[in-house]
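Here's a quick walk through one protein model and the ligand that comes with it. Have a look at the structure first, then read on.

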Amino acid sequence: MAAKKDPIPLLTPYKMGEFDLSHRIVLAPLTRGRSYNNVPQPHAAVYYSQRATEGGLLIAEATGVSDTSQGYRDTPGIWTKEQVEAWKPIVDAVHQKGAIFFLQMWHVGRVSTYGFQPNGQSPISSTNKGITPGLDGVDWAPPRRLSIDEIPSIVNDFRVAARNAIEAGFDGVEIHGANGYLIEQFLKNKVNDRTDSYGGSLENRCRFALEIVEAVANEIGSNRVGIRLSPYNRFMESIDSDPDKLGLYMANELNKFDIRYLHVIDSRVYSGAGIEDKVPRKLLPMRKAFKNTFIVASGYNRSKGNLAISKNYADLVAFGRFFLANPDLVRRYEIDAPLNMYDRSTFGTPDPVVGYTDYPFLEEANNE
Ligand SMILES: Cc1cc2nc3c(=O)[nH]c(=O)nc-3n(C[C@H](O)[C@H](O)[C@H](O)COP(=O)(O)O)c2cc1C
């Protein structure tokens with residue numbers, strides 16, 4: 001009799017509230033720059049359904065909540081009727097494969113230029129301080145600090161966008177509180193220099209994020225809401241002097257809203273990790289504090305993902321670049337097949353096929 005194989009941790013089922021996941025491999029949100037004029041396109045239905053599996057969780061790319069929310073070419077939105085209608089067939093294609101589909105909602109804040117703003121106005125932020133001009137080769141526009149009276153309308157934009165996402169058929173939304181965009185511009189004390197009730201103390205800096213969480217959870221139900229955070233990240237000059245404290249405070253506060261998941265970018269972003277098979281320990285306090293589903297991302301491969309699950313460091317692992325380049329990543333991890341390498345040069349190019357839907361699937365014909 002053949003010896004019984006141990007289950008592969010990433011391939012074990014997991015109950016995420018009402019969602020029955022058949023495995024732990026999540027598609028991380030990935031901006032692809034192929035939603036012309038901010039309208040999702042039919043080729044996205046091909047791209048996402050290629051990566052969809054029965055009982056798998058996909059998180060769609062960062063999607064703008066309003067006409068001031070944009071900072072990159074051809075990223076999708078969810079604030080107009082046309083955008084909502086355009087998402088519907090994409091969501092349908094994913095659901096036909098039996099996958100669960102959450103939409104990531106963002107506002108870039110100061111990570112923008114005049115050209116992306118309505119009437120060429122200044123981007124909005126928590127601060128008037130801009131990103132260093134020329135960083136990453138972009139002529140960032142100096143932002144305008146939101147007045148305290150304007151904040152409720154931005155919170156409301158997230159609420160309406162979440163309603164629109166449900167109208168488009170998504171199973172839930174992920175609030176983008178990571179990577180230096182608007183929400184993080186409030187969270188982190190090297191950016192937020194306000195002196196009102198949205199700045200200064202940790203409690204004040206987290207107020208904007210938590211108001212958005214509350215508004216969105218009240219609108220669509222807390223079981224349909226996740227949030228992504230990156231306390232350790234320094235992307236777009238968004239830095240906090242005490243990321244341990246910030247992350248833990250947020251994890252505890254989020255419990256009050258009983259949202260479905262907390263998705264955290266691990267501390268090793270861009271560190272070239274992927275060589276040694278070690279699971280980092282940085283997020284353990286957040287993981288222990290947060291009572292619902294905990295997702296980790298960044299720098300994970302098959303063995304690190306398996307370790308993260310088996311050591312109970314996370315419930316789910318999101319994969320970015322490997323899933324981008326391997327539409328059948330779940331199958332490949334199941335049988336430990338080699339991976340396609342990603343091509344960085346086509347991450348954000350507008351072609352509807354090249355570098356997008358043309359990454360090859362495994363040739364399995366000979367094995368069946
Ligand atoms: C092309 C590309 C686009 C990305 N777009 C987003 C995005 O829209 N939202 C987001 O939260 N993170 C985004 N990220 C970060 C990924 O979700 C992920 O955290 C990162 O790639 C690290 O994970 P990995 O090592 O598995 O690739 C992007 C990354 C890449 C490479």
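How many nonpolar, polar and charged residues does the shell around the ligand have, by class? Sorted that way, there are six nonpolar residues, seven polar ones and two charged ones. Keep in mind that this is a predicted model.

## Around the ligand

Start with who's there. The ligand is surrounded by 15 residues, and the closest are Thr31, Arg228, Gly299, Gly320 and Arg321.

Now for the polar contacts. Glutamine 104 places a polar side-chain atom 2.8 Å from a nitrogen atom of the ligand. Asparagine 179 also has a polar side-chain atom facing a ligand nitrogen atom, here at 3.5 Å. With glycine 299 the backbone does the job: one of its polar backbone atoms is 2.8 Å from an oxygen atom of the ligand. As for cover, the ligand on its own has 610 Å² of accessible area, and the protein covers 86% of that.

## The barrel

Zoom out and you'll find eight strands that close into a barrel. Going round, the order is β3-β4-β5-β8-β9-β10-β11-β12, and the pairing is parallel. On average, neighbouring strands of this sheet are turned by 25° against each other, ignoring direction.

For one pair in detail, take β3 (residues 25–27) and β4 (residues 57–64): they run parallel and are joined by two bridges. Here valine 26 stands opposite leucine 57 of β4.

## Helices on the sheet

Helix α1 (residues 42–51) packs on the sheet, where it touches β3, β4 and β5 (100–106). The direction of α1 makes about 150° with that of β4.

Then there's helix α3, residues 151–168, which lies across β5 and β8 (172–177). Helix α3 runs at about 155° to β5.

Key
Residues numbered from 1 in each chain as written. Predicted model: local features only at pLDDT ≥ 70, side-chain atom pairs only at ≥ 80, totals over all residues. Heavy atoms only, no water. Near = heavy atom within 4 Å. Polar contact = N/O pair within 3.5 Å; in protein donor to acceptor, adjacent residues only side chain to side chain. Areas by Shrake-Rupley, 256 points an atom, 1.4 Å probe, with all protein chains shown as cover. Nonpolar A, V, L, I, M, F, W, Y, C, P; charged D, E, K, R; others polar. Pairing = 2+ DSSP bridges. Helix = DSSP H or I, 4+ residues; strand = E, 2+ residues; numbered from the N terminus. Axes fitted to C-alpha atoms, helices over the stretch in contact; angles between N-to-C directions. Contact = heavy atoms within 4.5 Å.
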